[in-house]
Amino acid sequence: MATGELEARQATLATPGELAWPRASSGTLTRLVRGAISWDLAAIVFLLGCTAFVHWPSVIGQGVYARDDTITFFYPAFATLHQSLRQGELPLWTPHIFGGFPLFAEGQIGALYPPALLAAMLPSPVDGFLLLRVFHVALALVGAYALARCLRISPLGGVVAGLVFGLGSFVVSQQHHASLLAAAVWLPLLLACVELALARWSWSTLAYLALAGAILGMQALASHVQPVLLSGALLLVYAPARALARLRGQAAEKRSWAARVRATCGAALLGVGAVALVSGLAATNSAAQLLPLYELSRESWRANGWSYLDAVEYSLPPINLVTLVLPFFFRAADGGQWSLWQAWEVVLYVGILPLLLVVASLLFVRRWTVAFFAIVAAGSALVSLGGYAPWQLYERLWTLPGVALQRAPARFTFLTTLALAMLAAYGADWLARRADDDGLRRRSRQLLILQLGVLAALAALLGHLVLWRAWLHADQVWATRALTESYLRLSHDPLQALTPLKVYGGLDWALDLANPKTALPLALLGCTALLLLGWREAPHLRPLWQALLVVLIGVDLLLFSVDFHPLVSPDRLADVGGAGDFLVARRGPWRSLTNPDVEAVRPNQLLPAGVGEVQGYSPLALDRQVWYARVVGTVDNTLLDLWGVRYVVSSANPPTLPSYDQVGYHPQRPLMIGGAGTANGRIVLEVPDDPATQLRAILALADGAQIPDGEVVGEWVLTDVTGVRRVVPMRAGREVADWTTGQPGARTAHRPVQGATTISIRETDGSVERPRTVSYAAIRLPVRQVVQRAEYRHIHPLGRSMLYGVALHDSETESLGQFYRPAKYVEVYRDGDTVIHENRAAFPRAFIVPRAVVVPDGVTAMDRLMNGPFEPRREAILESAAPLEGGELAEGSGRAELVHDGTALVTVRTTSNGAGYLVLADAYYPGWRAFVDGEEVALMRANFLFRGISLPAGEHEVAFLFDPESVRLGVVISAAGVTILVLLLVTALVGSSLARRRRRAQIA
């Protein structure tokens, strides 16, 4: 159909604000509009019914589709919001994860997201969380339906669009990521408003653009940046394209070339202006969330940006395009996955029949929107390949503004699924369209082409399944090797723990025609071919075929939806297990540390219960906290004690460690790293109460190459049950050597000793890995003794000792006692999965020291904390200085008592006989202010991560108040943005009313 003819035909349709029915007389139009409304109402009820069917367990409060992130991050965050609102406050800050964290700024708690606020008003946080999930899925279905109807697609096509987008791969696979889902599902309504605004220029254009700005702002308040950026990118191209399409027919009627250019430029400017208005409204309306989020991003570990290798993690492997037809291709027989990345990131499925409808729309529908969504689908799918994309495409795109902020390129399929949903809707609309006699013959030929295409696809798929499975079984060894050299050589997630046998078994099951996950898509292809046959041979039964089309698509996508994620009981959301209950019962101003290998309870799960934790999960964890935690995770030293960690939660079933001469050691986690003059250069170990004749140690020297041969670098102090102390020296070139000894190019002043193992370490800049040799020493004790206490000290001014493993051996009984844990720990809880130790050396949350050392930056501060000289009970390391008032505090005479520990206010009562420094072991962050007896004082960064102030002598009330300027400024901007939004809507309403009055006056 020619462009002019097409525009003329579209002109006979109703305006975008009305339903798309032909113009007719008043009575006829009324009946048609009422009929259309009834169909729309029925369609929406049907889509809501599909939502209820899939999420019925959530509707009745008996189950939710969940993964780890649901339980360990999103539900605890929502429960914390629920709790905070009931206390009449916003959760600006929490002291209960990361040793202090700006929870509001992180955004994924949804503290300003209206649907989350409404859900949090329900009495039960579990009910609110479940219903919020159902709301978002329903919004995805209904929003896609609304967009299709605004594009003048029939209700049947709208239902198809709703089913495909709302029950297709992106919404279903990512539903456990609550903030990602919340931000994504608004996109169809955003485009619908832009379509209504630009399809006809009137006062309603202003109203719809204002609504579009409010919707984009809603996405921003949901606070997952990726869907917002992708929505903005689609808006940026859709609005100008829509404006150009609106004026294309008018421009064609102009005879002069200049008139056409003017019309085109005007349309383009209109589209760009619409984008600017919508984006500006969205930014101002959500500024109260975006400004704190930006501030946090500058303080987080992501402030330096991604490396390219990080950015292309979770790319869509080209082989995963097979999920367009076989969505569970990478699910093994035992329910596990053998995909290169987690299944919810790399699946792309919109249904079998919708794929045919997409093809039909591309072949037989002539609309600019079909071409537009086809380009969006192809482009976003290509970009989603990320690191697997040809021609280094993603590497080139990655340098563009905004793209460098993206991670997980497979999430570009968000746009792919929406575009395919719209194309499928156009295909359904074409398929259901009435035709005259000539049109019936043409339609019959087109249906035959589609039918033959489906049969050919079915035959090709069956042939591939049979042939590939025969190849697998022909020579298992050769096939396994081939999979190893091809599939397993692709970049993939190490956490998937893929092995050649696992991949072989998974592929064998995926190719098996007896596998129901494989058989169902084949059956759906067959049913599709039969449906096309019936539509071609009996066109008079069109209503029946339309109903069967919806049934086939619905059954297909409903089965996909209910089978993708495991359904867990709502009780599991708030269940923290026995270890969690233990910590909840003992919560206080102290904190716990949960090791990464613990599965029974995770740090964020304890957030709603108010249990302090120095670990946690957030994509925007503070850069300094990550650094500090990495050091603590490498070696258990004074930094852990300074953090106020009273309880350490570990796995009761740790992995088996390597050993040398029966002495076990952890190659990545030494027991001690430290030099002379620092608390980290000394360790007291828990010793088994057994006789011993020999001390065995695995250790090394770092930075000790200049220590002369034979000099004592450290000493063991062994105390027996009678209290007798014996000193066992550790000498360079005898019992220990610098760990560069024997390496190419290394020069040491002492001899090499027996090596226990070689450890590969990465240089400070992360560029090169170098081997390092760890020493082994077996030292005969002067007498056979029952050692009760073993202490090691590094005493040489050069170098640092690195202790990896130590054991006591008894030559008479040939028994060996290994001890791994410092004596400061006492076991206080154990079950089958978890063990908890109490750290008796933990510092209080607030403490006073008599003096401070000022350093220029964080790197110097961390080096001093680790390597000294540093005495944590006598001094603080500051990165700025404030003068002390009064005489110096006598050591140990200062007292600090935590009086109030709130989300935005911490109060400490202090008593001291001299001036000193108060250290609060909570994370330093912009927006915190300090007051001593009501007078504001300078707040300093202390001990790399914490807050500190100078404290005069006497009794004082010290208050730490969280009052971030980013929040205050954001609230002002948002208030102005909402005001502008309301004014635009009122202006549009008044202007539209006046225009109607003028038209009536002209008619009269």
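Two strands count as paired if DSSP finds at least two bridges between them. The exercises below use this on a predicted model.

**Exercise 1. State the strand order of the five-stranded open sheet, name its edge strands, and describe the pairing of strand 28.**

Solution.
- Step 1: The order is 21-22-28-24-25, with antiparallel pairing.
- Step 2: Strand 21 (895–901) and strand 25 (935–937) are the edges, since each of them pairs on one side only.
- Step 3: On average, neighbouring strands of this sheet are turned by 30° against each other, direction ignored.
- Step 4: Strand 28 (residues 954–962) is joined to strand 22 (residues 905–912) by eight bridges, in the antiparallel sense. Within this pair, Arg909 is bridged to Glu957, and Thr910 to His956.
- Step 5: Strand 28 also pairs with strand 24 (residues 928–932), again antiparallel, over five bridges. Here Val932 has Val958 as its bridge partner.

**Exercise 2. Check the length of helix 31 against the expected span, and list its buried residues.**

Solution.
- Step 1: Helix 31 covers residues 965–1003, which is 39 residues.
- Step 2: At 1.5 Å a residue, taken over one less than the number of residues, the helix should span 57 Å.
- Step 3: The end C-alpha atoms are 57 Å apart, so the two values agree.
- Step 4: Buried in helix 31 are Ser966, Val967, Gly970, Ser974, Gly977, Leu981, Leu984, Ala988, Gly991 and Ala995.
- Step 5: For reading that list, an α-helix has 3.6 residues a turn, so residues three or four places apart point the same way.

**Exercise 3. Decide whether Asn680 is buried or exposed, and describe its surroundings.**

Solution.
- Step 1: Asn680 sits in the loop between strand 7 (672–674) and strand 8 (682–685).
- Step 2: Its relative accessibility is 3%. Buried means under 20%, so Asn680 counts as buried.
- Step 3: A polar atom of the Asn680 side chain lies 2.9 Å from the backbone nitrogen of Thr638.
- Step 4: Beyond neighbours within four places in sequence, Asn680 has contacts that include Asn637, Leu639, Met672, Leu865 and Met866.

**Exercise 4. State how many disulfides the whole structure holds, and examine Cys193 and Cys527.**

Solution.
- Step 1: The search finds zero disulfides.
- Step 2: A disulfide needs two cysteine sulfur atoms within 2.5 Å. For Cys193, the nearest cysteine sulfur is that of Cys150, 7.5 Å away. For Cys527, the nearest is that of Cys50, 18 Å away.
- Step 3: Cys193 is buried, with a relative accessible area of 10%, whereas Cys527 is partly exposed, at 34%.

How values were computed: Residues numbered from 1 in each chain as written. Predicted model: local features only at pLDDT ≥ 70, side-chain atom pairs only at ≥ 80, totals over all residues. Heavy atoms only, no water. Helix = DSSP H or I, 4+ residues; strand = E, 2+ residues; numbered from the N terminus. Axes fitted to C-alpha atoms, helices over the stretch in contact; angles between N-to-C directions. Buried < 20%, exposed > 50% of the residue type's maximum accessible area, 1.4 Å probe, protein only. Polar contact = N/O pair within 3.5 Å; in protein donor to acceptor, adjacent residues only side chain to side chain. Contact = heavy atoms within 4.5 Å.
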